[in-house]
Amino acid sequence: MSKVVCKTKRIGGGFGGKETRSAFIAAIAAVPSYHLNRPVKLTLDRDIDMMITGQRHSFLGKYKVGFANNGKVLALDLGIFNNAGNSLDLSLAILERAMFHSDNVYEIPNVRVNGRVCFTNFPSNTAFRGFGGPQGMLITENWIQRIAVEVKKRPEEIREINFISDGTLLHYGQLIEHCTLDRLWNELKSSCDWLKAQQEVEQFNLHNRWKKRGVAMIPTKFGISFTTKFMNQAGALVQIYTDGTVLVTHGGVEMGQGLHTKVAQIAASSFNIPLSSVFISETSTDKVPNASPTAASASSDMYGAAVLDACEQIKARMEPITSRHNFSSFSELVNACYMERIDLSAHGFYITPDVGFDWGTGKGSPFRYFTYGAAFAEVEIDTLTGDFHTRRADVYLDLGYSLNPAIDVGQIEGAFVQGLGWVALEELKWGDAAHKWIRPGCLYTCGPGSYKIPSVTDVPFKFHVSLLKGAPNAKAIHSSKAVGEPPFFLASAVFFAIKDAIIAARAEVGCNEWFPLDNPATPERIRMACTDEFTKPFVDSDFHPKLSV
Ligand code: MTE
């Protein structure tokens, strides 16, 4: 490994798909390269890429929930299954994160969670933003919504009375501290004017038969750290040159998430120099070896801390010179240090403290801390076509003292819209017993013509993103919190708002009992769930179109 240098300038987005699945493409290119003794470049066509490189895992959740008449949850017995495909890849870790997140933000006194990775004849599924967490939480929100129907209350009421708070012991033994969930929820409630929003939707639904509106508020908590302990380590190399410029190299990969900007900011503020004096050229295995994947949203926490460690080492070495003179510029100080033969290069290292989980006992603290969030969505559906649009979305995130609010708001907007694709648009259809019109085993939705990703028209008409103020996080660099994956799940507010609208449509024909709605809520599913005189001759009210899983 010491003879092979891997360099990455940046990648054009990864979202998990390149975490491990880049390796087999690289290996395919390496074989002819070795035999022909020349560089070989391999680029997959979009459809081939979609067919073979694996997707987000589909999940199945089977639950038994015990609850009191007021909706207070007493016990959960949960079985979770994920479709790994034909190799293990990251499926076990993804299943584990789903199990850790299967309480979402709720205090459940008695919990049993069993997880199973399913070995199937699909291409191997892999990491995607949230890494199983969103699937675990979506199962939770489904049974919360079901309790609400049973006790004839709004799901938001059931959510509120079951919230975790400081002192809650989670089902895997981690203690909740510095929980900002209540604050986020209340701020969201007043920003979206929750009561008024519900009343307006009710009024609209009263006066419209074929268009219905729905609203939902969804909370989230996302555990920050790799659940595999050894991966929580990070290295960095900081080098100062005699002109006062700084070259930073760290083990993280830039993929558009703004990691290099945040890390450069940390170095710049440490040396008290302008950001323009700090440069990050690339990620390279000959500068920082044995890097963990840039994943789990923790890279700015970890590489930021590793870089800070290196900066502080250099500053400590410079200290005797700094204290002796008043320098007019950083470059003057650096030059003076250079003349005194002070080493201006340092390797920094960081390990996330106090994390670990014992799968033998099922107890531990796998996460350093949690990023909390909450979102409101209002949608309008066309009950005859199943079409929908998101009229409004408000998203609140607790990011501590954000390292860079502009980047973080961009991450939240991006994650929400990406999540909207997950809950309402993007469906894979494979040739199987339920889809006989597709050749067996073939992926039909392998390009933009049939696989619908969010476009500009899917962005909520009104879209507000806010960061919680005055909530520093003592557990990460400069009191910040990780942002990359946590907001993704909040798009499920759109899913549950769609379900709320469907509930209103079904009420028109006297259908008031709970019904299943599979993810994603595509037009086909929305239309068929809106039971009416047109669907009744063909299907029962609990019909749900089959998924390809
Ligand atoms: N943002 C952009 N623009 N492109 C990406 O590929 N990946 C997401 C998130 N934000 C991604 C992104 C995922 S899946 C993760 S885990 C984090 O960024 C990884 O980077 P971080 O640890 O620096 O947050």
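**Exercise 1. Identify the polar side-chain atom that lies 3.1 Å from an oxygen atom of the ligand, and describe the surroundings of the ligand in this predicted model.**

Solution. The polar side-chain atom belongs to Gln 257, and 3.1 Å separates this atom from a ligand oxygen. Gln 411 also contributes through its side chain, an N or O atom of which is 2.7 Å from a nitrogen atom of the ligand. At Gly 256 the backbone takes part: one of its N or O atoms lies 3.2 Å from a ligand nitrogen. On its own the ligand has 520 Å² of accessible area, and the protein covers 92% of this.

Next, consider the shell. There are 16 residues around the ligand, and those that come nearest are Gly 14, Phe 15, Met 255, Ser 299 and Gln 411. By class, the shell consists of eight polar, six nonpolar and two charged residues.

**Exercise 2. Compare the expected span of helix 9 with the distance between its end C-alpha atoms, and locate its bend.**

Solution. Helix 9 comprises the 26 residues 299-324. At 1.5 Å a residue, a span of 38 Å is expected; the end C-alpha atoms are 37 Å apart, so the two values agree. The helix nevertheless bends by about 50 degrees at Met 318, and Pro 320 follows within four residues.

**Exercise 3. Determine how many disulfides the model contains, using Cys 179 and Cys 311 as examples.**

Solution. A disulfide is a covalent bond between the sulfur atoms of two cysteines. The cut-off applied to a pair of sulfur atoms is 2.5 Å. For Cys 179, the closest cysteine sulfur is that of Cys 192, at 19 Å, and therefore too far for a bond. For Cys 311, the closest is in Cys 337; the distance of 14 Å is likewise too far for a bond. The count is zero disulfides.

**Exercise 4. Describe the backbone geometry at Asn 37 and at the bond between Asn 519 and Pro 520.**

Solution. Most residues other than glycine have a negative phi, and most peptide bonds are trans. Asn 37, although not a glycine, has a positive phi of about 55 degrees. Asn 37 is found in the loop between helix 1 (22-36) and helix 2 (46-52). The peptide bond joining Asn 519 and Pro 520 is cis, with omega about 0 degrees. Pro 520 is located in the loop between helix 12 (492-507) and helix 13 (523-529).

Definitions and conventions
Residues numbered from 1 in each chain as written. Predicted model: local features only at pLDDT ≥ 70, side-chain atom pairs only at ≥ 80, totals over all residues. Heavy atoms only, no water. Near = heavy atom within 4 Å. Polar contact = N/O pair within 3.5 Å; in protein donor to acceptor, adjacent residues only side chain to side chain. Areas by Shrake-Rupley, 256 points an atom, 1.4 Å probe, with all protein chains shown as cover. Nonpolar A, V, L, I, M, F, W, Y, C, P; charged D, E, K, R; others polar. Helix = DSSP H or I, 4+ residues; strand = E, 2+ residues; numbered from the N terminus. Expected span 1.5 Å × (residues − 1). Bend = angle between axes of the 7 residues up to and from the residue.
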